[in-house]
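Biologist: I'm new to this structure and would love a close look at a single part of it. Could you pick one helix and walk me through its surroundings?

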Amino acid sequence: SGDTWLAVGSEQFGSERDETPRFKLATDPESRRAFIREATLHAWLGYAEMARGTDELKPLSGRGENTFGGVGATIVDSISTLYIMGFKDEFEEAKSWVESELNFDAVGEVIVFETVIRILGGLLSAYHLSGEEVFLHKAEDLGRRLEKSFTTKTGFPFPRCDLNSTSCGFHRDYGKHALLAEIGSIQLEFRALSFHSNDESAAALREH
């Protein structure tokens, strides 16, 4: 039939236990694309119904949880995917939420790395793809709030910062150690911010 049965992850459990769900995945490109679109829409609609506005959906309990400070991480992280896949209604729904409900004034302490790659990066990629100014404006606001994380002797950013105070601190698990992978990777988003924005502080952070 040209179809393939796959068991994802079952090799981890050997012969002791194999409860891995199986799914039928077609081998032709068009069917694969349709399958991925369907899976993406399924995930989005489940989140939108049960956890809209929270950072992520806990699949077993069906409840939302703010694991990244309450910045709607799943929404912002998904906007560019919704746009690329052509889910216009869902994209507009996400854009509306960003415009009316994404309020950094209501956010406290965040993990700088996660906030940069998920929220700043998500907003900038959405702006780059769609040209909708609301995404750039929110990204500029967030970038300014994250500036204080770089006020260290080394120039390496603090791992944690409060978006609405001068409070910044270190990793809870790593003390004063810096993770080079985090420091290096966030340069991409700040360079993108400075490229799209006329904000001088964004340009300064790019060269930090």
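Modeller: Let's start where helix H2 meets helix H4. From H2, the residues involved are Ala-73, Val-76, Asp-77, Ile-79, Ser-80, Tyr-83 and Ile-84. Facing them from H4 are Arg-118, Ile-119, Gly-122, Leu-123, Ser-125, Ala-126, Leu-129 and Ser-130. Sorted by class, this contact of H2 with H4 has nine nonpolar, four polar and two charged residues. Please keep in mind that the model is a predicted one.

Now for the geometry of that pair. H2 covers residues 73-84 and H4 covers residues 112-130. Their axes lie 8 Å apart, and the packing angle is about 25°. An angle under 35 degrees counts as roughly parallel, and H2 and H4 are therefore roughly parallel to each other. The crossing of these two helices is left-handed.

H4 is a good helix to stay with, so follow it to helix H5, which spans residues 133-146. Here the axes come within 8 Å and cross at roughly 150°. That makes H4 roughly antiparallel to H5, since angles over 145 degrees are counted that way. The crossing of H4 and H5 is again a left-handed one. On the H4 side you can find Thr-115, Val-116, Ile-119, Leu-120, Leu-123, Leu-124, Ala-126, Tyr-127 and Ser-130. On the H5 side, look for Glu-133, Phe-135, Leu-136, Lys-138, Ala-139, Leu-142, Gly-143 and Leu-146. By class, the contact of H4 with H5 holds 12 nonpolar, three polar and two charged residues. If some names sound familiar, that is no accident: Ile-119, Leu-123, Ala-126 and Ser-130 of H4 take part both in the contact with H2 and in the contact with H5.

A further partner of H4 is helix H7, residues 187-196. This pair packs at an angle of about 35°, with axes 10 Å apart, and H4 passes H7 in a left-handed crossing. H4 brings Val-116, Ile-117, Leu-120, Gly-121, Leu-124, Tyr-127 and His-128 to this contact, while H7 brings Glu-189, Phe-190, Ala-192, Leu-193 and His-196. The residues here divide into eight nonpolar, three polar and one charged. Val-116, Leu-120, Leu-124 and Tyr-127 touch H7 and also belong to the contact with H5.

Finally, H4 has a part in an enclosed space. The model has one cavity of 30 Å³ or more, and the largest cavity holds about 90 Å³ of space. H4 and helix H6 (180-185) each supply at least two residues of its lining. The lining residues are Val-112, Phe-113, Pro-157, Phe-158, Pro-159, Ala-178, Leu-179, Glu-182, Ile-183 and Ile-186. Nine of these are nonpolar, none is polar and one is charged.

Some of those names also appear around the largest pocket, a space of about 150 Å³. Pro-157, Phe-158, Pro-159 and Ala-178 are among the residues lining this pocket, and they line the largest cavity too. The rest of the pocket lining is Thr-152, Lys-153, Thr-154, Phe-156, Phe-170, Lys-176 and His-177. Taken as a whole, the pocket lining divides into six nonpolar, three polar and two charged residues.

Notes: Residues numbered from 1 in each chain as written. Predicted model: local features only at pLDDT ≥ 70, side-chain atom pairs only at ≥ 80, totals over all residues. Heavy atoms only, no water. Axes fitted to C-alpha atoms, helices over the stretch in contact; angles between N-to-C directions. Helix = DSSP H or I, 4+ residues; strand = E, 2+ residues; numbered from the N terminus. Parallel < 35°, antiparallel > 145°, perpendicular 65-115°, else oblique. Left-handed = near helix turned anticlockwise from the far one by under 90°. Contact = heavy atoms within 4.5 Å. Nonpolar A, V, L, I, M, F, W, Y, C, P; charged D, E, K, R; others polar. 1 Å grid on protein atoms, 1.4 Å probe; cavity = no way out; pocket = protein on both sides within 12 Å on 5 of 7 lines; lining within 4 Å. Points joined across faces, edges and corners; volume = space filled by probe spheres on them.
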